[in-house]
Amino acid sequence: MGCFDVSSMVDGAKMNEKRILILAGFAESLIRFRGSLINAMQKQGLEVHVAAPELEEGCPLRLKMEALGIKVHNVFLVRTGTNPVSDIRTFFSFCRLIKKIRPEYVLSYTIKPVVYGSLAAWIVGVKHRFALITGLGYAFQGPPGKLQYVVQKLYSVALARVQKIFFQNPDDQALFRDRGLIKPSSASVIVNGSGVDVFDFSPTSIPRGETLFLLISRFLGNKGIREFALAAKRVKSLYPNVRFALVGWIDDNPDKISQEELDTWVTDGTLENWGYFPDVRQAIERCNIYVLPSYREGTPRTVLEAMAMGRAIITTDAPGCRETVLNGVNGFLVPIRDPEALAVAMLKFVELPELAVTMGAHSRRIAEEKYDVHAVNDVMLREMGLL
């Protein structure tokens, strides 16, 4: 399928139905992170269109979404590339798609859809334009340089042309304001992450016997994978039977963990690599404690899922992460890039196994009260004028 090929054209019988287009940089996130929001939009009578790369005709994910009544479009987008010619192709791909669909609303998330999708929606004349900032990524967390400057400049241009910006934590909102990426007059709203379906992610009993710490993420340095491995070595030197598992994959990203590093940790017995799980509940139910030593997040969805399933959490005192843990109540907060502090927190659970049970119960309560996906969706729909 060519980069400008547009499928699933609007049915003439539905021309009077309001349409929303959701632009994403990662196709699987449309179901995993936005599926409940899409369903809520459909219940409000909207015809929902989604667009992302790698959604060619006949691919399983596309078929799954089409079965749910979603109009699916494949677009050209290289998620981690910095080639300007490639990005220009992405921009015009968005322009052509928006002209064809003629949506009344466009919601974009992840860097390139926010930048190029928001600009395309503005140029084409979409009336209601929204951006969702789900995290800052390598362009903000990597070393200062030309890439950071260009990305932040593009953000400032694009976000000046949307009507409302959703942030998933107050630190990201403050950073965008401090750096002038959004104007003082720009309308912005903080939501509690993507939320979690507390019915689908129901509590399961904590496994008895060996203690197992779990981390689910793309295998990137800024997710704290290396700190997780170093802390695991420290704990296993004292308690050899404690287990540490990774779920995820090596991402196409400048900050990715090398295959050699991963193989070394697995070979020497430090970590278990369980690979990719289509349904992370199967991994979470096998762990005692969930760990995410990330340097920065929007709001980490895997943490919310683990909380909903009644797991204690160890995460960092970093933007996006710190909002999920009441330190000493449902888990522990540790400094970023500090494997020794991470190991100390882990040892508390090893030496006092009952903590996993009591703190896990608090996690479930917080998930229900603060992160229920239906409450999060209601806020977004109301702020977009859809509820």
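The buried residues of helix H12 pack against helix H1 (29-32), strand E8 (212-218), helix H11 (281-284), strand E11 (289-292), strand E12 (312-316) and helix H14 (354-370). This is a predicted model. In it, eight of the eight residues of H12 (residues 301-308) are buried, so the helix is largely enclosed by the rest of the structure. Three of the strands that H12 packs against, E8, E11 and E12, belong to an open sheet of six strands.

**Helix H12**
- The buried residues of H12 are Arg301, Thr302, Val303, Leu304, Glu305, Ala306, Met307 and Ala308.
- After H12 comes glycine 310, which has a positive phi, near 80 degrees.

**The sheet**
- The strands of the open sheet are ordered E10-E9-E8-E11-E12-E13, and their pairing is parallel.
- Strand E10 (272-273) and strand E13 (331-334) lie at the edges with a single partner strand each, so one side of each has no neighbour in the sheet.
- Strands E11 and E12 are paired in the parallel sense over four bridges.
- Tyrosine 290 has isoleucine 313, in E12, as its bridge partner.

**Helices on the sheet**
- Helix H9 (residues 225-238) packs on the sheet and touches E8, strand E9 (243-249) and E11.
- The direction of H9 makes about 165 degrees with that of E9.
- Helix H14 also packs on the sheet, where it touches E11, E12 and E13.
- The direction of H14 makes about 80 degrees with that of E12.
- H14 is, in addition, one of the elements against which the buried residues of H12 pack.

Technical notes:
Residues numbered from 1 in each chain as written. Predicted model: local features only at pLDDT ≥ 70, side-chain atom pairs only at ≥ 80, totals over all residues. Heavy atoms only, no water. Buried < 20%, exposed > 50% of the residue type's maximum accessible area, 1.4 Å probe, protein only. Helix = DSSP H or I, 4+ residues; strand = E, 2+ residues; numbered from the N terminus. Contact = heavy atoms within 4.5 Å. Pairing = 2+ DSSP bridges. Axes fitted to C-alpha atoms, helices over the stretch in contact; angles between N-to-C directions.
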